[in-house]
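Student: Could you take me through one part of this structure in detail? I would like to look closely at a sheet and what packs on it.

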Amino acid sequence: MAAEQPPLTAPEILIRLAQGQSETSLLAAAPGLTSADIRAALLQAASLLRQQEAASQADFAAETELNPRKILVVDDQHSNRRLLELMLRDTGFQVLLAESSREALEIARAEWPFLVITDVQMPEINGFELCRRLKSDPQLQHIAVIFVTAHQRSARHVKEGLDLGGDDYITRPFQREELLARVQAVIRLKLAEADARHQAQVAARRNRKLTFLNQLALAMSSTPEATPEAIFKRPLHQLTELIDTEASALLLLDAQNAQLHTILVDAQGAQYTAMQTFRAESENPALEIQEQAPAIVTQLLQQADVRLSTPTDIRAIPMGSREHAIGALVMINKRHRAYASADWTLLTSTAGLITLTVENMRLWQSAQQQLQDLTLLNRVGQTLSSSLDLPHVLSSTTHMVRLTLNAEVASLWRIDEARRELQLQVASGPHTEGIIGYRMPWGAGIVGYVAETGAAYFTADADQDERHITAVDEVSSYHARSILSVPLIVKDRVIGVIQALHRQPHRFNAHDLQLFQLVANSVSIAVENAELFEEVRTFNQRLERMVAERTQELLAEKEKTIAILHGMADGLLVLDPQQRLLTINQVAEAMLSAPLSRQIGEIVDWQAHDSPLWRGIGRIVAGEEPAPDMTLDLPDPHQPDVIRSIQARAARIYDDAGKLLGTTIVLRDVTALKAVERAKSRFMAGVTHELKTPLAVIKMHVNNLATYYKRLPARKRQALFQSIQQQVTLLEQLIEGILELSRYDAGANAAHFQAVNLASLLQSLIPQLKPLADKKRIALRWSPPQDAAWTMGDPLQLERVCRNLIDNAIKYTPAKGHVTVSLFQRPDAPTPCVGLRVQDDGIGMSEEAQQHLFERFYRADPSHTIPGTGLGLSIVKEIVARHGGTIRVTSAPQQGSTFEVCLPQADAPRE
């Protein structure tokens, strides 16, 4: 008679034990189950474990697909191959023959022999090279190799063969028994090596599983705040690889047993998730999920369009503790197969860890929820107590309510008692921008009901609530399903309603409503305080505005006066009748070199400083009436060589009754005016001197002509007339230069800037000046550059610069001298420039002369034997400065001079 089956099968008993259920509770939960049944299940599990360990000791052929009974003989001599074949006959080996190494490689890849016996000396590919190729092929590298040679054996050849991976080296002739003994020895050695590798692989797989469980425990215990997708994606992927399944999935039941969260990860690591409603029909939801797992996973695969093979084997392990149902761990296989005991142990251990992790997550979430509740109340209290600005209080409160209750929208309605309406005053969340200020009739909808009754209201699904109206939904395009509504009550009077909303049903619970009521009580008090504060602040603002307007008028007048005083170009001091300092501007402080602004209100001690300006001002204010104006010439403290001229003027100030109010002192810096007067005098002296010389020559020649005209020979008269003409030309040049400098000084000589190629300009100018050089037998050298030299400037003014410099070089160079004109470019300089260089080997000049070279009317030739006005280089410097360039000279007496002009480089104009 067959034994009666226990109420639970052995796998079910093992699963419940793995989930942490004790033997006592298991016996109590399953009537008819005995301790013997539990021990039998454990013995069965141990037997399966031993079977798996025995299976892990599989022979070498199962691992590598090499046949230990196959031997491949390779030799290019038929007689040798035949001899080896005969020696190996009747030994149980299957002998394969190859006459070349190439044929041997093909046979090895097709037949997978265990041993290759190869001759060393073969054409094309010898035995050593055949061995090297076998060992370099990952699929053939474990084939044993025995070398055979008829040549004299040497240690070098043996070492070479063994270094290549050979297992033995035999020298012909040899006996059949020797060959068979060596073959058997090599086979035993290779089988031992294969078994060691296999044992290492088994141990490695076991270690990977243990490492996986350890890492799984660490990862799951360290991230309780992460989402299930983030926590379980990598463990599910690793589990899929370890168990060698097509995919793994978790079916997680939420804490309310209302929704099932499905997470599926395939062998490539791709993750798919889904949420669906779940209703438990029994007291053990985990077992229900286990039964429904194939249908749930198949539906997810279809919805996600996952390209997996058609699953035929979907198995689920239920997960749950004594208090809660967690869900199920699901394995998806391509085909039905029997799991090894170690695999079931790994799966049940993983399920237990996941169960523990989910419970920890729920405990952590519960603690976080409590912490968030306390944080919300604390933040609300801080916000409400830190500010009496009503809009800020209401806006901050709705924002915190939305975040803490996980609501999508939080809104606050105020009651307009005069119009018997409710107005949406503040809202936070999506779709709320356009509905602020929306009005609803008194008593309408859930908001109206709460405002009218003063009672909190909670609806899990507004679509099923008859009090809910959709007027606000239509305006905002936001459809709320879960709604919490709490009245704001001040002194038994409802002043408004605060709401939390969500588009999904059943998002709030009784705990949320209780927390919401505590927040509403604090908000009610804050609203009342803010309204009282608003009334007081409005009154104060009215008074402050009146005072501020008057104060602003006074400050504006004062600031205007101070701005005028401090904006004066002249220094200003204002003293009261007792000579206390009332006002001083920055200009006066700078002139007096003393920080008198720190002494406002103090009596000024005019003897405190030993300065001519201080003493002068002291003399001005000492008498009954101010002394007349005085001008003092003082050395500049920053530039000892510069003399500053300060004009001081004082005046008494009286009121309408004739009472003395104080003294004002004005200090004016007239240094520039005096410098202009001195420059004007020097200029006029220079002009007069330069004009007198040619006029005196003209006057003398005219007197000579008038007196001695008839006595003078024609040649002498012609010479006098030419001299007069030269002096007139010099006068014209002098007057034109003076006028041009005057136009530069007045800013009237406007320049018309355009792109100018200095190379083209000089190319046309040099032929005009060459006759002057030829007349003095001077070599004028000019080599046009290959590249254009573009700058922005006035072509006529730049031509005058070039003409003056070249003309001066010709004038101051003696006969048979040289004048070289060239252009240069400096594109890598801080300011890229193009330049003109004029070099001569003329009389040169001293260093002192170079310092005055560009002054007006200065002549490098003190004897005036070389014609000129002394204005040419002054005009050149003015033109170069106007073009943003520089000019410098290098010279020494009797060693010639070099002038360089640098002008800003410009791009070539577009065609």
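Tutor: Happy to; here is a walk through the sheet, its edge strand and its helices. This is a predicted model, in which local features need pLDDT of at least 70 and side-chain atom pairs count only at pLDDT 80 or more, while totals for chains, interfaces and linings use all residues. Residues are numbered from 1 along each chain as its sequence is written, and side-chain values use heavy atoms, leaving out hydrogens and water.

The sheet is open, with five strands in the order β2-β1-β3-β4-β5 and parallel pairing (strands are DSSP E runs of at least two residues, helices H or I runs of at least four, numbered from the N terminus; a pair needs at least two DSSP bridges). β2 (94-98) and β5 stand at the edges with a single partner strand each, so one side of each has no neighbour in the sheet. From one strand to the next, the twist averages 20° (angles run from 0 to 180 degrees between N-to-C directions, with axes fitted to C-alpha atoms).

Now to the β5 edge. Four bridges join β5 to strand β4 (residues 144-149), and the two run parallel; T171 of β5 is the bridge partner of T149. D168 also lies in β5 (residues 168-171). With 18% relative accessibility, D168 counts as buried (under 20% relative accessible area, with a 1.4 Å probe and protein chains only). Beyond its neighbours within four places in sequence, D168 contacts V145, I146, F147, L162, R182 and V186 (heavy atoms within 4.5 Å). The side chains of D168 and R182 are joined by a polar contact of 3.4 Å (a pair of N or O atoms within 3.5 Å, one able to donate a hydrogen and the other to accept it; residues adjacent in sequence count only if both atoms are side-chain atoms).

Finally, the helices. Helix α7 (residues 127-136) lies across β1, β3, β4 and β5, at about 175° to β4.

Terms used: Buried < 20%, exposed > 50% of the residue type's maximum accessible area, 1.4 Å probe, protein only.
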